[in-house]
Each structure stands twice: as C-alpha cells, then as structure tokens.
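Colleague: Hey, I'm new to this one. Can you pull it up and walk me through the charged pairs?

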Amino acid sequence: MAASPHLASQLAVNVLDAHSLLAAFGVLGVGVVLFAETGLLIGFFLPGDSLLFTAGLLCTGSAASGVHLSLGPLLVAAAVGALAGSQCGFLIGRKAGGALLARTRSAKLREGAERAEELLERYGYAKAIVLARFVPVVRTVLNPMAGALGVPARTFTLWQVAGGLVWSLGLTLAGYALGSSIPNVDKYLLPVIALIVLVSLIPVVAEVLRSRRAAKEAR
C-alpha cells in the first residue's frame, strides 16, 4: 500500500533543516524540537535558532514556500517546549549527576559541557543560565550541568524561564517582524538566519568583553 504524500514528507524530513521540519510537523514540531534540544542531550544538533526564526517568518504568509503557521499557537509551542525542555534537563542532571556527560563520546557535547561549567563558575547562576540560551550546544548541556552541580532548583527555574522566554519568543517575533516588512524574504533565508544567529550571540560577547575589562581594571 502506497504511503500518503503527507506521510512520505514526514518520513523524508531533514532534521537539520528548519524549513523541512516545519513543512512536515508544523507548530507541534517546534515544541518537540525545542524540548529535545534543551532537555535531552541527544538533541544538541537540532536547529533551535533557525527553527524559531523561520517559524516566525512563515506566520506572515509572505513566504513563497506555501507553508503557513499561526502565530499564537506557535508562540505557545515555542515557550512550552523551551521551558519544559530546560526543566527536564535540569532534573536529569540532578538525578544522574554528571554520569551522562562523562560517558558521552561526542566531542561537541564534551566541549559544550566545559563551556557550560565555565559559564556557571565565571558569571554566576543567573547570568550563565540566561546567556546559555543563546549558545548552541551550551544551551543543551548547561541544564543537566546545573542539576549535577547543585544549582538551587528555585534559582534555576526562575532564570531559565526568563532566558527561555526571551530566546524563544524573541527569535520567533523577530522572524515574524521581518517577514511582515519584507515580501518574499524567504528567498534570502540562509543569510538572514546567519545574521540572526550572530545577533543572538551579542549578549554573550558583550558579557565576555565586560568581564575581561573588569578583570583588567582589577589588576
């Protein structure tokens, strides 16, 4: 029996391509992907930044791809996926300690764990949890690292919610705003997404520069 066109498109989805994910799974896919990327170590490779921005753009109906999403449900799915995923990652780290990260064979995950631990030590819990949202891989591993290192649950929850809302809703609304103001902006999607990712790193870069300047002044 032949598979339906919709089922075939789902089976052929490219999980590394935001547009492919959205065409196959729509708003529900956004929530699931963000949950996996921020809550499960196996999701570190998923395209969270580009997925949020592209999803927001597709809410405008100006894209030539034919995929159209509803902004309200999208914002809810993005926020729930990002927040629930981080909390799940934290609980995994609290229960399993650093065992999962210690056993991983992925060089990217090990490097991300080192950067996450450095963020927590250098900037303190609040800044590290918020800044990590904007750094791929680090936003995946910081949550279990925070649990393993004994970050208080109330502190983690407060700041992961703050950072998660700014990241998930901010990138989604940025895509929506750009798609609303520029017709057929999806023709330039790759360079635009690259620019958005760079812009999302500004808080991290600014904090690093501020810390280095403060360290020099303290000498």
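Modeller: Sure. Keep in mind this is a predicted model. Let's start in helix H6, residues 107-132: glutamate 118 and arginine 122 both sit there, four residues apart, which is about one turn of the helix.

Colleague: What do the side chains of glutamate 118 and arginine 122 form?

Modeller: A salt bridge, with N to O at 2.8 Å.

Colleague: Is glutamate 118 buried or exposed? And what about arginine 122?

Modeller: Glutamate 118 has a relative accessible area of 39%, so it's partly exposed. Arginine 122 counts as partly exposed too, at 46%.

Colleague: OK, switching topic. How many salt bridges are there in the whole structure?

Modeller: A search turns up three. One of them joins the side chains of glutamate 37 and arginine 139, at 3.0 Å from N to O. That pair links distant parts of the chain, with glutamate 37 in helix H2 (residues 18-39) and arginine 139 in helix H7 (residues 138-148), 102 residues apart.

Colleague: Which other residue forms a salt bridge with arginine 139?

Modeller: Aspartate 49, with the closest N and O atoms 3.1 Å apart. Here too distant parts of the chain are linked: aspartate 49 is in helix H3 (residues 48-58), 90 residues from arginine 139.

Colleague: So what links up with what there?

Modeller: Glu37, Asp49 and Arg139 make up a network of salt bridges.

Colleague: Why does glutamate 37 count as buried?

Modeller: Because its relative accessibility is 0%, and the cut-off for buried is under 20%. Arginine 139 is buried as well, at 3%, and so is aspartate 49.

How values were computed
Residues are numbered from 1 along each chain as its sequence is written. This is a predicted model: local features need pLDDT of at least 70, side-chain atom pairs count only at pLDDT 80 or more; totals for chains, interfaces and linings use all residues. Side-chain values use heavy atoms; hydrogens and water are left out. A salt bridge is a side-chain nitrogen of Lys or Arg within 4 Å of a carboxyl oxygen of Asp or Glu. Helices (H or I, at least four residues) and strands (E, at least two) are DSSP runs, numbered from the N terminus. Buried means under 20% relative accessible area, exposed over 50%, partly exposed in between (1.4 Å probe, protein chains only).
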